[in-house]
Amino acid sequence: VTWKLLPFLTAGSKVAIVSAAFGSIASNTGAPALYGYRMSKAAVNMLGMQLAQDLKASGIAVGLYHPGLVETDMTAGLGVKAGENGNVDAQVAAV
């Protein structure tokens, strides 16, 4: 999608990508397996990091945001309620 929109992005533009910290290899601290979910989020996180590197020279910033848990059937067994764990992480991949 970003490549299709690239002609409309100029220096100073910002691209926001919303993902999840569950996709982080560095912070894999024994959270539940959730293999498919974690793999898909890891791919989105890597996309954001690579896109940031590719667009940095053009002056386009990419923000990779991990807003935390949303209460769903998938997260019900984790013992954490949305907003209780301070799991809000915003990482700017490039400025």
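**Close-up views of the predicted model**

**View 1. V1 in the segment before α1.** V1 is placed in the segment that precedes α1 (2–5), in a model that is predicted. Its relative accessibility is 82%, so V1 counts as exposed; the cut-off for exposed is over 50%. Together with L5 and F8, V1 makes a nonpolar surface patch of about 390 Å². For the protein as a whole, the exposed area is about 6,300 Å², and carbon and sulfur atoms supply 61% of that area.

**View 2. The order of helices and strands in the protein.** The protein contains 2 helices and 3 strands. Read from the N terminus, these elements follow the order α-β-α-β-β. The chain has 95 residues, of which 26% count as buried. Taking contacts between residues at least 6 apart in sequence, 61% join residues at least 24 apart.

**View 3. Strand β1 and its two faces.** The side chains of β1 alternate along the strand. V15 and I17 point to one face and are buried. K14, A16 and V18 point to the other face and are not buried. Both V15 and I17 also belong to the largest nonpolar core, shown in View 5.

**View 4. Pairing of β1 with β2.** The two strands run parallel and are joined by 5 bridges. Among the residue pairs, K14 of the alternating strand β1 has A61 in β2 as its bridge partner. I17 is likewise paired with a residue of β2, namely L64. Of the 6 residues of β2, 5 are buried, so this strand is largely enclosed by the rest of the structure.

**View 5. The largest nonpolar core.** This core has 8 residues: V15, I17, L51, A52, L55, I60, V62 and L64. Two or more residues each are given to the core by β1 (14–18), α2 (35–56) and β2 (61–66). The largest share is that of α2, with 3 residues. Two of the core members, I17 and L64, are also bridge partners of each other between the paired strands.

**View 6. N45 in helix α2.** N45 has its place in helix α2. With a relative accessible area of 9%, N45 is buried, the cut-off being under 20%. Leaving aside residues up to four places away in sequence, N45 touches S19, A20, G23, S24, L64 and H66. One of these contacts, L64, is a member of the largest nonpolar core and the bridge partner of I17 in β2.

**View 7. K41 in helix α2.** K41, too, lies in helix α2. Residues up to four places away in sequence aside, K41 touches S19, A20 and G23. These three residues also appear among the contacts of N45. V18 is 23 residues from K41 along the chain, and the C-alpha atoms of the two are separated by 9.5 Å. V18 is one of the β1 residues whose side chains point to the face that is not buried.

**View 8. L34 in the loop between β1 and α2.** L34 is found in the loop that runs between β1 and α2. A relative accessibility of 23% means that L34 counts as partly exposed, as buried would require under 20%. Not counting residues up to four places away in sequence, the contacts of L34 are F22 and M74. L34 and T75 are 41 residues apart along the chain, with 9.8 Å between their C-alpha atoms.

How values were computed. Residues are numbered from 1 along each chain as its sequence is written. This is a predicted model: local features need pLDDT of at least 70, side-chain atom pairs count only at pLDDT 80 or more; totals for chains, interfaces and linings use all residues. Side-chain values use heavy atoms; hydrogens and water are left out. A nonpolar core is a set of buried Ala, Val, Leu, Ile, Met, Phe, Trp, Tyr and Cys residues joined through side-chain atoms within 4.5 Å. Buried means under 20% relative accessible area, exposed over 50%, partly exposed in between (1.4 Å probe, protein chains only). Helices (H or I, at least four residues) and strands (E, at least two) are DSSP runs, numbered from the N terminus. Contact means heavy atoms within 4.5 Å. Accessible areas come from the Shrake-Rupley method with a 1.4 Å probe; for residues, only the protein chains shown count as cover. Patches are made of residues with over 30% relative accessible area and no salt bridge: like charges are joined within 9 Å, nonpolar side chains (Val, Leu, Ile, Met, Phe, Trp, Tyr) within 5 Å. A salt bridge is a side-chain nitrogen of Lys or Arg within 4 Å of a carboxyl oxygen of Asp or Glu. Two strands pair if DSSP finds at least two bridges between them.
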